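Student: I have a protein model open in front of me, and I would like to learn how to read its charged pairs. Could you walk me through it?

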Amino acid sequence: MSRVLDRRQLLRGATLAGSGVALSAYMPAWAQPVSAGIVKPLPTVSGDEIRLRVAHQMMMIDGRQSHAIGINGTVPAPLIRLREGQTVRLHVENGLDEQTSLHWHGLIVPFQMDGVPGVAFPGIEKRTTFTYEFPIVQAGTYWYHSHSGLQEQMGLYGPIVIDPKGVDPIQSDREHVIVLSDHSQLHPHRIFMKLKKQSGYFNRQQQTLAGLLKGEDQPLKERLDWGKMRMDPTDVADVTGSNYTYLVNGHGPQDNWTGLFRPGERVRLRVINASAMTTFNVRIPGLKLSVVQADGLNVRPVEVDEFQIGVAETYDVIVTPTDERAYTLVGESVDRSGMARATLAPREGMAAEVPPLRKRPVATMKDMGMDMNMDMSSGGSMQGMDHSAMPGMDHGSMATAEKPAAAMDHSQMGHGAAGAGAGGMAGMTGMDHGAMQSGATMPGMAGAPDAAGSMAMGGMAGMDMNMRDFSKAPGVKKGPGVQTISPMPMDRTGDPGQGLENVGHRVLNYRDLVAVDRNPDLRSPAREVQIHLTGNMERYMWALDGEKLSEVKAPIPFLAGERVRVTLVNDTMMGHPIHLHGHFFELVTGHGAYSPRKHTVMVQPGGKVSWDVTANEGDWAFHCHMLYHMHAGMMQVVQVRSAKGEAA
């Protein structure tokens with residue numbers, strides 16, 4: 001964890017112990033001298049009968065004790081190793097003085113076994129045992145975690161590896177499970193309280209006058225423009241390295257968790273983002289990463305230098321180190337305020353150079369849903385537009401494709417909104433400008449607002465720039481919880497992730513992913529549902545379609561077996577990893593029958609993502625996997641019933 005550098009303490013330490021020793025105590029954790037390395041595999045449980053006990057415990061991180069909630073005395077919880085085709089019984093004993101639960105993230109299980117209190121089952125009461133029982137119908141890398149309160153932040157998470165019933169098509173000589181997470185000495189309810197009182201409480205990287213004078217970040221005009229809109233372009237992460245220590249398999253950067261290899265081996269790394277709030281950028285300087293699996297399902301190998309992994313996503317990669325030397329595995333937080341660090345080495349006790357943190361990203365107009373660099377060639381078509389939602393594209397025309405967008409009444413989903421914001425965007429010259437609510441001149445626009453608040457934008461005549469135009473989101477409930485509506489949300493599945501656009505090497509994006517196996521359901525969607533991810537970042541309010549969970553009067557209804565296209569529109573300046581329980585969905589990225597199937601998708605700031613899904617019977621949680629966003633209300637329930645209306 002970072003510490004405030006006190007000048008008198010520093011001088012006293014320099015006098016007593018020499019400047020080198022004194023300074024090391026104030027270095028960020030990832031930069032401090034490290035141990036000889038912890039070569040310690042994760043505790044593992046397997047078999048048809050597995051016992052797990054949830055209880056409070058202490059854990060040691062970088063030589064410092066910290067309170068946690070673990071399973072069987074460990075954080076992360078034990079690796080659960082299963083085999084496709086078996087039936088498992090997991091007996092979970094609650095040793096806490098409060099209710100708990102376990103959700104099997106990404107596993108296709110009966111909804112009663114899904115583990116979400118109040119949705120799928122009543123929860124596990126204190127000092128009682130609940131038995132989960134379900135068949136294992138898949139293989140791959142997954143994980144499990146509490147779905148009760150904020151227990152996940154305190155350490156209640158663990159990895160799952162399911163071996164295929166036949167020969168694994170992904171061949172490797174050895175493997176390591178890499179569980180990335182974030183840990184705080186501060187109780188999670190105190191973290192949430194601080195965010196509610198001051199959303200930027202943990203942001204220690206805001207723009208400063210000194211930075212302006214040095215020519216860093218935004219120039220003065222842009223800072224003033226963003227200030228008028230009450231937008232902070234450095235608000236990239238809610239909880240940062242000022243509060244978090246970033247962990248690999250429960251160990252801090254100084255602990256230097258180490259995975260061994262022999263030069264020339266194909267090493268499989270099963271990377272799981274089990275953090276509460278952190279998007280990680282993962283790389284191993286000196287090694288190429290061959291991505292072979294996403295969210296537990298095999299994809300055609302794609303070689304990259306780095307990938308961004310959202311909360312709750314998993315990626316399997318193959319690395320082949322050939323030299324007799326150590327390599328540093330870097331899990332850098334998206335805001336560049338800290339990193340998780342581990343080592344791959346041929347022998348215990350080795351360590352490689354740890355790269356410095358890169359410059360933190362600053363949000364742009366694109367992150368506000370206003371891409372000012374659209375390609376206006378080809379008769380007005382726009383680069384980044386999601387043409388897949390248009391008639392005749394990709395999966396065929398939608399049943400609702402020719403209907404105008406309508407308010408999305410969740411009680412009558414058959415009349416869902418269509419077009420995903422793509423309609424009416426070509427041939428933009430000559431149209432009237434929308435009024436900017438704040439009246440501010442936007443960066444990159446020519447001219448200034450007139451008395452009516454409209455503005456002339458060089459080469460962009462006709463784009464509506466009202467940042468709170470609810471006509472673009474008729475299904476969104478108006479209220480203080482909706483700070484902005486993205487004027488021009490773009491399909492950003494081809495983007496590498498916030499802050500990775502110009503890193504100088506290849507970064508994975510969703511369009512790189514192509515499924516190995518043909519998708520099981522190739523029907524065209526019968527209808528489309530559009531859902532907006534909304535928030536007020538200043539007041540730390542988060543919701544879906546402007547309604548937090550406590551305000552929602554009815555679940556989102558689907559029919560069992562129906563094929564639906566869901567388009568998620570991010571109306572906020574922060575990325576959201578969205579998870580639908582009990583399902584895999586196919587990302588609409590132009591790969592047709594081999595579209596990548598995922599259970600969690602990161603929707604970039606100001607962007608949108610479309611996916612097709614076949615509904616499974618039951619009641620399923622649907623939410624942002626940023627823990628404090630979900631806790632604030634960014635969650636709903638998807639209710640899937642048979643055509644006759646019976647419960648699953």
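**Reading salt bridges**

Tutor: Happily! Let's start with one residue: Lys 472 has a relative accessibility of 26%, so Lys 472 counts as partly exposed. Keep in mind that this is a predicted model.

Student: Which residue forms a salt bridge with Lys 472?

Tutor: First, the general idea: side chains of opposite charge can pair when their charged atoms come close. Here the partner of Lys 472 is Asp 469, with 3.3 Å between the closest N and O atoms.

Student: Is Asp 469 buried or exposed?

Tutor: The cut-off for buried is under 20% relative accessible area. Asp 469 has 14%, so Asp 469 is buried.

Student: How many salt bridges are there by this rule?

Tutor: The count comes to 33. A good one to look at next is the pair of Asp 97 and Arg 127, whose side chains meet at 2.7 Å, N to O. This pair links distant parts of the chain, 30 residues apart. Asp 97 sits in the loop between strand 5 (87-94) and strand 6 (103-105), while Arg 127 is in the loop between strand 6 and strand 7 (129-135). Both residues, Asp 97 and Arg 127, are exposed.

Student: What does the salt bridge between Asp 217 and Lys 359 tie together?

Tutor: Their side chains meet at 3.9 Å, N to O. Asp 217 belongs to the loop between helix 4 (209-213) and helix 5 (220-228), and Lys 359 to the loop between strand 20 (339-345) and helix 6 (377-380), so the bridge ties together parts that are 142 residues apart in sequence. As for accessibility, Asp 217 is at 24% and therefore counts as partly exposed, whereas Lys 359, at 58%, counts as exposed.

Student: Which residues are linked in a network of salt bridges?

Tutor: Try selecting these together on your screen: Arg 81, Asp 163, Asp 168, Glu 175, Arg 268, Arg 270 and Asp 316 are linked in such a network.

Student: Now let me step back to the whole protein. What does its secondary structure come to?

Tutor: Seven helices and 32 strands. Of the 648 residues in the protein, 60% are buried.

Student: And how much of the contacts with a separation of 6 or more comes from residues 24 or more positions apart?

Tutor: Such residues account for 75% of those contacts. To finish with the surface, the protein exposes about 24800 Å², and carbon and sulfur atoms supply 52% of that area.

Note on methods: Residues are numbered from 1 along each chain as its sequence is written. This is a predicted model: local features need pLDDT of at least 70, side-chain atom pairs count only at pLDDT 80 or more; totals for chains, interfaces and linings use all residues. Side-chain values use heavy atoms; hydrogens and water are left out. Helices (H or I, at least four residues) and strands (E, at least two) are DSSP runs, numbered from the N terminus. Buried means under 20% relative accessible area, exposed over 50%, partly exposed in between (1.4 Å probe, protein chains only). Contact means heavy atoms within 4.5 Å. Accessible areas come from the Shrake-Rupley method with a 1.4 Å probe; for residues, only the protein chains shown count as cover. A salt bridge is a side-chain nitrogen of Lys or Arg within 4 Å of a carboxyl oxygen of Asp or Glu.
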